[in-house]
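Here is a colleague's note for someone meeting this structure for the first time. Please keep the model open while reading.

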Amino acid sequence: MVMATTTFTAAVTSLASVTLEVADLEAARRFYRAFGVDTYLRLRASEAQSTGFRGFTLALTVSGPANVDGFVGAAVDAGATVLKPAAKSLWGYGGVVQAPDGTIWKIATSAKKDTGPATREIDEVVLLLGVEDVKATKQFYVGRGLTVAKSFGGKYAEFAAGPSSPVTLALYKRRALAKEVGVPADGTGSHRIVVGGTADAFTDPDGFAWEAAESLAPTVS
């Protein structure tokens with residue numbers, strides 16, 4: 001399928017932060033510092049009921065396989081569970097872990113060989129929302145003022161990152177996303193994630209909540 005790239009000029013809102021809701025705030029702080037992604041997240045305490053797949057994943061893109069192994073190892077050492085061991089694939093090299101708070105992380109690179117020593121540098125962090133109808137949800141976000149950077153029909157859509165956002169927002173079919181990270185697609189209750197935006201609060205068609213970024217809890221640190 002040919003990739004379509006679309007540009008919009010409206011800029012009503014953009015992703016400014018990602019907040020994970022966790023049952024044990026101090027434990028989550030320790031984990032994300034050890035994992036090495038604490039500067040990309042906010043945390044706040046929540047006892048909201050949530051079972052099964054929460055409908056989203058966070059993905060780290062790094063420069064080579066050794067970096068993937070480093071992040072996977074750091075996550076496991078800090079208490080994460082391996083859902084998919086790091087391995088080569090058609091698209092590169094990657095693995096999937098689940099944090100103690102339940103959040104699923106994919107760590108991957110398009111490179112199949114290292115070209116330099118391992119580092120703890122992150123090239124990109126992507127919030128992947130699993131949605132029922134990619135095209136419809138994409139149009140919903142376009143209506144909120146987000147700019148589409150990449151679109152692959154009804155399978156995947158990615159939005160341009162805002163000037164102050166450390167995280168890129170993307171949409172993927174829910175069942176396909178669950179399959180990719182190695183978990184059943186069924187899930188109920190809270191998503192346990194809140195997206196901080198530069199405009200007013202709203203909830204998208206799949207129940208993901210956005211709040212004005214300034215109203216959210218402090219960062220992990």
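The points below go from the whole chain to single residues.

1. The coordinates come from a predicted model, and every remark here should be read with that in mind. The chain is built from four helices and 15 strands. Its radius of gyration is 17 Å, close to the 17 Å that the globule rule gives for 221 residues, so the chain is as compact as a globular protein of that length. Along the principal axes, the C-alpha trace spans about 45 × 40 × 35 Å.

2. Of the 221 residues in the chain, 47% are buried. Among contacts with a separation of 6 or more, 66% are made by residues 24 or more positions apart. The chain exposes about 10,300 Å², and carbon and sulfur atoms supply 54% of that area.

3. On the charges, the chain carries 22 positive and 22 negative ones, and the mean positions of the two sets lie 6 Å apart. The structure holds six salt bridges, and the next two points take up some of them.

4. Which residues are joined into one network by salt bridges that share partners? They are Glu21, Arg44 and Glu211. Between Glu21 and Arg44, the closest N and O atoms are 3.2 Å apart; Glu21 belongs to strand β1 (residues 15–22) and Arg44 to strand β2 (residues 42–45), so this pair ties together parts that are 23 residues apart in sequence. Arg44 also meets the side chain of Glu211 in a salt bridge, again at 3.2 Å from N to O, and here the link is between distant parts of the chain, with Glu211 in strand β15 and Arg44 in strand β2, 167 residues apart. As for the two acidic residues, Glu21 is buried, with a relative accessible area of 12%, whereas Glu211 is partly exposed, with a relative accessible area of 21%.

5. Another salt bridge pairs Arg144 with Asp200, whose closest N and O atoms are 2.7 Å apart. Arg144 sits in the loop between α3 (134–143) and β9 (148–152), and Asp200 in the loop between β13 (193–197) and β14, so the pair ties together parts that are 56 residues apart in sequence. Arg144 counts as buried because its relative accessibility is 19%, and the cut-off for that class is under 20%. Asp200, with a relative accessible area of 44%, is partly exposed.

6. Asp206 deserves a separate look: it lies in the loop between β14 (202–203) and β15 (209–212). Which side chain of opposite charge is nearest to Asp206, and how far away is it? It is Arg174, at 6.9 Å, and Asp206 is buried yet has no salt bridge. The cut-off for a salt bridge is a nitrogen within 4 Å of a carboxyl oxygen. Leaving aside neighbours within four places in sequence, Asp206 is in contact with Gly130, Val131, Glu132, Thr137 and His191.

7. Is Gly102, in the loop between β6 (92–98) and β7 (104–109), buried or exposed? Gly102 is buried, because its relative accessible area is 17% and the class takes in values under 20%. From C-alpha to C-alpha, Gly102 and Thr57 are 10 Å apart in space, although 45 residues separate them in sequence.

Conventions
Residues numbered from 1 in each chain as written. Predicted model: local features only at pLDDT ≥ 70, side-chain atom pairs only at ≥ 80, totals over all residues. Heavy atoms only, no water. Helix = DSSP H or I, 4+ residues; strand = E, 2+ residues; numbered from the N terminus. Rg over C-alpha atoms; globule rule 2.2 N^0.38 Å. Buried < 20%, exposed > 50% of the residue type's maximum accessible area, 1.4 Å probe, protein only. Contact = heavy atoms within 4.5 Å. Areas by Shrake-Rupley, 256 points an atom, 1.4 Å probe, with all protein chains shown as cover. Lys, Arg positive; Asp, Glu negative; His and termini not counted. Charge placed at Lys NZ, Arg CZ, Asp CG, Glu CD.
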